[in-house]
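This report takes one residue as its starting point and works outward to the whole chain. Please keep the structure open while reading.

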Amino acid sequence: MRALPKMVEVETKLFLRDSATVVFGVLFPAGLLLGLGAVPALGEPSPDTGGLRSIDIWAPTALVFGMVMIAVQHVPAVIATYRERGILRRLSTTPAHPRSVLLAQMIVAFASVVVSAALMIFLAWAVLDIAPPERPLEFVVAFVVGYAALLGLGMISAAVAPTSGAANQIGTLLFVALMFFGGAFLPRVVMPDVLREVGEFIPPGLQALTAAWSAEAGEVTATAGGQPFWPQVAIMAGIAVIASAIAAKLFRWE
Amino acid sequence: MTALEVRNLHKRYGPHVAVDDVSFTVAEGEIFGIIGPNGAGKTTTVESIAGLRTPDSGSISVLGLDPVKDRAEVRERLGVQLQESSFPDAIKVAEALEFYSSFYRDPVDWRELLELLGLTERRNTRYKALSGGQKQRLSIALALVGNPKVAILDELTTGLDPQARRDTWSLIERVRDTGVTILLVTHFMDEAERLSDRIAVIDGGRVAAVDTPAGLIARASATRQVRFRVSQPLARSVLAELPDVTDVEITGDRWLVTGRGQLLSSVAGALARAQVVGHDLRVDQRNLDDAFVAITGRAPAERRAG
């Protein structure tokens, strides 16, 4: 593990040179929210949602976009490429175990999502007057645990995808499915109750993020039959553990 | 001192026997070649030495260490250049070397390696933008950056142009001169012949022969041929009755003499005694290609590229 800091450094450089991922994973969530914030109708307080603007309720979806992008699209594609091109195999012949390169990947993926979230939350506050998370501790927990669950799914894809092309295809399917429950196509607030309740089991757990960001928004998007905040977080933690175990079990180094 | 010892290595994948029974030893400071047809078990043998495969039976010792049991120590001392392995597209040459050198306890100065491999001018070039020869040289550099006592080089010059191959060969000789023992796996006969002190021919998962290149060639065929034109007519019997000669063919003034042993000096001596000059004298050299065919009964997978 002595090679880990160096690996994180190198993987960070490689990540920053991958301009598509930097743009879509890190910068796009903030841009998306600002773009939608410029639509006048979305910025009007509505009596249906207790005087909140659509943009207030929808903001966490932009955050989820960056998280999903990096966890299920970027990370598996990189790892599958490393496997396909013998990079993991080559590392196996050195004193550094290729496990450290996976760990470095996850560290960089986590750091980039933190940057993405911080940028988005700051710009949302500065430009759109969306207040920063009201319950910062709960928000951080929901964010970290939800992201771990997402990354677990991404690592299963990375474990089984034989080629980078296959990883991209799995990533795209997962992206569409996860972003549906993440409210990208249909805002959570207009989803039928059953979809909202299923959504509480879908990483990264949009409802928990929304509720921790703004209690008012969380009330609007919650359902009568839904789980409270901490059970939702516990579900994500369970998914993270199970998915990581499956990924570790299935992982092929070559 | 023995750098590498493989004894009765056996490895199968399901019903498929990849390596049946392979044994050889490599002395310290030697360049030891492994040649053989595709699918002969070369790669599995090398992967077992590198600790990427666990043998089903038999033993391997790298500098007295077991690649599976003493994994960490073997990886410190063994440098590997693998066939079909590459590096991330966006990594720069100097970064890759610095990165790999950070894995080892006692690495060499990677800046010197850059110089040795002629990559100094490309130090800030991304891997993707390197030529085939430069990628190969980087791969060799990364195999050497840990200051290994033994280096495995698998299909060193595949895909390189003739000039790049020759440059790579002289580089390998320089590396050997620094005291590194080299295990060279190749399907290029000229490469094995040029670089190796000794060669193992592996065929069907077994060692068919181990010898020096010259020894393998001599083993494959004891006959040689001498061709020349004569300056004036000469009786056939002058050469045909020499003890080393088995056959003489004459076409006009052109002679083709087949024989064994010290054929050339016998023929030259006889011509001198007869006061006849042999013009355009040529000895047909047997090479490792011929030896390979004789030992394995099939042609090398690819013809000589150099």
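Val46(B) sits in helix α1 of chain B, which covers residues 42–49. The model is predicted. Is Val46(B) buried or exposed? It is buried, because 21 other C-beta atoms lie within 10 Å and the cut-off for burial is 20 or more. Leaving aside residues up to four places away in sequence, Val46(B) touches Ile152(B), Asp154(B) and Val185(B). Ile250(B) lies elsewhere: 204 residues along the chain from Val46(B), with 50 Å between the two C-alpha atoms.

**A buried strand**

One of the contacts of Val46(B) is Val185(B). Strand β7 of chain B, residues 181–185, pairs with β3(B). Strand β3 of chain B spans residues 31–35. Five of its five residues are buried, so β3(B) is largely enclosed by the rest of the structure. Ile31(B), Gly33(B) and Ile35(B) point one way from the strand. Phe32(B) and Ile34(B) point the other way. Residues on both sides of β3(B) are buried.

Which strands pair with β3(B), and in what sense? The table sets out two partners, with the residue opposite Gly33(B) in each.

| Partner of β3(B) | Residues | Sense | Bridges | Opposite Gly33(B) |
|---|---|---|---|---|
| β7(B) | 181–185 | parallel | four | Leu184(B) |
| β8(B) | 198–203 | parallel | four | Ile199(B) |

Gly33(B) thus has a bridge partner in β8(B), Ile199(B), and stands opposite Leu184(B) in β7(B).

**The contact with chain A**

Chain B puts 20 residues into its contact with chain A, and chain A puts in 17 residues. Two elements of chain B give two or more residues to this side: α2 (71–77) and α3 (93–101). What kinds of residue make up the chain B side? They divide into 13 nonpolar, three polar and four charged.

Helix α3(B) deserves a look of its own. Seven of its nine residues are buried, so α3(B) is largely enclosed by the rest of the structure. The buried residues are Val93(B), Glu95(B), Ala96(B), Leu97(B), Phe99(B), Tyr100(B) and Ser101(B). What do they pack against? In chain A, the partner is α1 (4–17). In chain B, the partners are α4 (110–116) and α5 (132–144). The buried residues of α3(B) therefore pack against elements of both chains, on a helix where seven of nine residues are buried.

**Chain B as a whole**

Chain B holds 11 helices and 13 strands. Of its 306 residues, 40% count as buried. Its C-alpha trace spans about 75 × 45 × 35 Å along the principal axes. Take the contacts in chain B between residues at least 6 apart in sequence: 69% of them join residues at least 24 apart.

The domain assignment splits chain B into domain 1 (2–218) and domain 2 (222–285). Taken over C-alpha atoms, the centres of the two domains are 44 Å apart.

**Confidence**

How far does the predictor trust chain B? The mean pLDDT is 89, and 97% of the residues reach 70 or more. Residues 302–306 of chain B are an exception, with pLDDT below 50. Beyond near neighbours in sequence, that stretch has 10 contacts in the model. For the complex, the predictor gives an ipTM of 0.89 and a pTM of 0.85.

Notes: Residues numbered from 1 in each chain as written. Chains lettered and ligands numbered in written order. Predicted model: local features only at pLDDT ≥ 70, side-chain atom pairs only at ≥ 80, totals over all residues. Buried ≥ 20, exposed ≤ 12 C-beta atoms within 10 Å, placed from the backbone. Contact = placed C-beta atoms within 7 Å. Nonpolar A, V, L, I, M, F, W, Y, C, P; charged D, E, K, R; others polar. Pairing = 2+ DSSP bridges. pLDDT = per-residue confidence, 0-100. Domains from an automatic or database assignment.
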